[in-house]
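Trainee: Got a minute to go through a model with me? I want to talk about ring contacts.
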Amino acid sequence: MEAIVLAGGKADPLALKFGVASKTLVPYRGRPLVEHTLEALVQAGLEVILVGPSAPLNPPPKVFLADHGSLVANLEAGINAAKGDKVLVATGDMPFLSGEAVRWVLEHAPQAGFVYTIIAKPTIEQRFPNMRRTYARIREGSFTGGNIVLVDKKLFYTALPLLKRALELRKRPLALAQLIGFGTLLKVLLGQADIAGLEARVSQILGVPARALITPYAEVGVDIDKEEDLQWLG
């Protein structure tokens with residue numbers, strides 16, 4: 001399987017502070033953030049398509065595509081370049097991602113057109129105490145969204161408008177819930193939604209099976225958004 005790494009987009013305050021074209025090039029432990037992601041994906045046996053600003057990277061991606069200016073445009077470029085029917089999509093700002101975690105996702109992902117990784121709050125807090133994450137509370141517990149998804153290419157093209165919107169809102173669980181109806185939103189607000197119900201509703205909207213994958217690896221849900229994240233991680 002190929003992996004698309006989203007490593008570009010508009011320069012944010014963190015990138016500007018460090019004088020780099022993208023936050024994925026911000027140095028962490030002597031390496032650009034994106035190299036940590038690349039290394040894990042390569043260790044998991046994936047061929048990497050990287051979409052972002054040009055930079056010498058180790059390990060190098062198999063395919064390097066120019067930054068198209070936004071997460072969604074970069075995703076579309078990566079999908080167009082991928083040869084397989086299904087791709088793994090990852091952001092390029094996961095400094096702790098491991099090959100073991102990626103392999104686990106690949107081995108345990110259900111057969112579905114869209115698989116979205118989620119991580120339970122206790123899993124995050126046990127590995128990264130007091131780190132700020134955005135959580136949605138449902139019947140099974142509180143979860144944060146992961147930075148890895150599996151996407152069927154056919155689904156991407158048929159459900160492109162919805163997927164674009166979902167990706168734009170990927171770190172805003174309540175806004176994501178609005179996409180699938182007020183009833184679902186109310187259940188999420190009250191903590192009464194459950195994974196099976198959410199999966200069923202999303203599958204209905206997309207027209208193909210969509211599944212959440214509860215992932216036991218906290219690093220899948222930990223990325224770098226702000227300077228305080230770097231300071232916290234040390």
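Mentor: We'll take the aromatic pairs, then a charge over a ring, then one serine.
Mentor: This is a predicted model, where local features need pLDDT of at least 70, side-chain atom pairs count only at pLDDT 80 or more, and totals for chains, interfaces and linings use all residues. Residues are numbered from 1 along each chain as its sequence is written, and side-chain values use heavy atoms, with hydrogens and water left out.

Trainee: How many aromatic pairs are there in the whole structure?
Mentor: Four. Rings of Phe, Tyr and Trp (its six-membered ring) pair if their centres lie within 6.5 Å; planes under 30 degrees apart are stacked, over 60 edge-to-face, the rest tilted.

Trainee: Why is the pair of phenylalanine 96 and phenylalanine 128 called tilted?
Mentor: Their planes are at 45 degrees, so the pair is tilted, with centres 5.1 Å apart. Both residues are buried, meaning under 20% relative accessible area (1.4 Å probe, protein chains only). Ring pairs also link Tyr28 with Phe96 and Phe128 in a cluster.

Trainee: And phenylalanine 114 with tyrosine 116, what are the numbers?
Mentor: That pair is stacked, 6.4 Å centre to centre and 10 degrees between the planes. Phenylalanine 114 is buried, at 16% relative accessibility.

Trainee: New topic. Which ring does the charged end of lysine 121 sit over?
Mentor: Tyrosine 135's, 5.4 Å from the ring centre. The rule: NZ of Lys or CZ of Arg within 6 Å of the ring centre and within 35 degrees of the ring normal.

Trainee: Last one. Is serine 203 buried or exposed?
Mentor: Buried, at 14% relative accessibility. Leaving aside neighbours within four places in sequence, serine 203 contacts Val208, Pro209, Ala210 and Arg211. Contact means heavy atoms within 4.5 Å.

How values were computed: Buried means under 20% relative accessible area, exposed over 50%, partly exposed in between (1.4 Å probe, protein chains only).
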